[in-house]
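Take a look at the sequence and the 3D structure below. The report that follows deals with charges over rings, aromatic pairs, the nonpolar core and one helix.

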Amino acid sequence: MSIEKNIQTVKDFFAAIGRGDKEALLALVAEDIEWIIPGKDWPLAGTYRGHAGLADLLETASRSMETSTEPREFVAQGDRVLVVGFASGKVKATNKPFEDDWIFAITVRGGRLTSIREYIDTQALARAAQMDASGPV
């Protein structure tokens with residue numbers, strides 16, 4: 001596919017996330033997609049594989065966080081699309097806010113996302129997920 005089509009596929013993916021449209025998301029990702037979210041000590045860290053893994057990630061995200069994600073820039077070469085963006089929100093269990101500048105490295109093949117690797121502010125997210133000694137704020 002062309003670079004322009006790959007960028008549009010990634011833009012469609014983020015639009016579907018914004019709408020909470022799970023069917024559109026599944027149509028845009030390969031059945032064997034791998035999504036890697038680095039870190040520990042916060043709810044979404046881990047590696048998610050396949051449509052079942054994506055569904056698990058979306059369920060965990062909706063249950064544990066409120067977030068607003070804004071992709072700001074798309075840079076592409078071949079089958080790779082880098083998305084530079086910003087997210088803000090809060091971790092529901094602690095009621096603590098976070099802000100996160102991020103980059104997603106996405107591979108698109110055959111019109112579908114095959115891999116996503118997030119580069120995020122894991123410390124900001126871990127701090128927001130951290131319980132205080134007295135419990136949630």
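The charged end of K11 lies over the ring of F74, 5.2 Å from the ring's centre. R117 does likewise with Y119: its charged end sits over that ring, 4.8 Å from the centre. Both values come from a predicted model.

Next come the rings that pair with each other. A pair of aromatic rings is described by two things: the distance of the centres and the angle of the planes. This structure holds six aromatic pairs. Two of them, both involving W102, are set out here.

| Pair | Centre to centre | Angle between planes | Type |
|---|---|---|---|
| F14 and W102 | 5.7 Å | 10° | stacked |
| W102 and F104 | 4.5 Å | 45° | tilted |

Why is the pair of F14 and W102 stacked? Its planes are at 10°, and planes under 30 degrees apart count as stacked, so the pair earns that label. This pair also links distant parts of the chain. F14 belongs to helix 1 (residues 3-19), while W102 belongs to strand 5 (residues 96-109). They are 88 residues apart. F14 and W102 are buried. F104 is buried too.

These rings have company. F13, F14, W35, W102 and F104 make up one aromatic cluster.

Now for the nonpolar core. The largest one has 33 residues. Which residues have the most contacts inside it? They are F13, W35 and I106. Several elements give two or more residues to this core. Among them are helix 1, helix 2, strand 1, helix 3 and helix 4 (122-129).

W35 deserves a second look. Leaving out residues up to four places away in sequence, W35 touches F13, I17, G46, T47, Y48, L54, L57, F104, I116 and E118. Two of these, L54 and L57, are buried residues of helix 3.

That leads to helix 3 itself. Helix 3 covers residues 50-64, which makes 15 residues. At 1.5 Å a residue, helix 3 should span 21 Å. Its end C-alpha atoms are 21 Å apart, so the expected span agrees with the model.

Which residues of helix 3 are buried? They are G50, G53, L54, L57, T60 and S64. Seen down the axis of helix 3, the buried residues fall within an arc of 130°, so they line one face of the helix. The face turned away from that buried side carries the exposed residues A52 and R63.

What covers the buried residues of helix 3? The cover includes helix 2 (22-28), strand 1 (29-37), strand 2 (46-49), strand 3 (65-77) and strand 4 (80-91).

How values were computed:
Residues numbered from 1 in each chain as written. Predicted model: local features only at pLDDT ≥ 70, side-chain atom pairs only at ≥ 80, totals over all residues. Heavy atoms only, no water. Helix = DSSP H or I, 4+ residues; strand = E, 2+ residues; numbered from the N terminus. Expected span 1.5 Å × (residues − 1). Buried < 20%, exposed > 50% of the residue type's maximum accessible area, 1.4 Å probe, protein only. Arc of directions from axis to C-beta. Contact = heavy atoms within 4.5 Å. Phe/Tyr/Trp six-rings, centres within 6.5 Å; stacked < 30°, edge-to-face > 60°. Lys NZ or Arg CZ within 6 Å of the ring centre and 35° of its normal. Core = buried A, V, L, I, M, F, W, Y, C linked by side-chain atoms within 4.5 Å.
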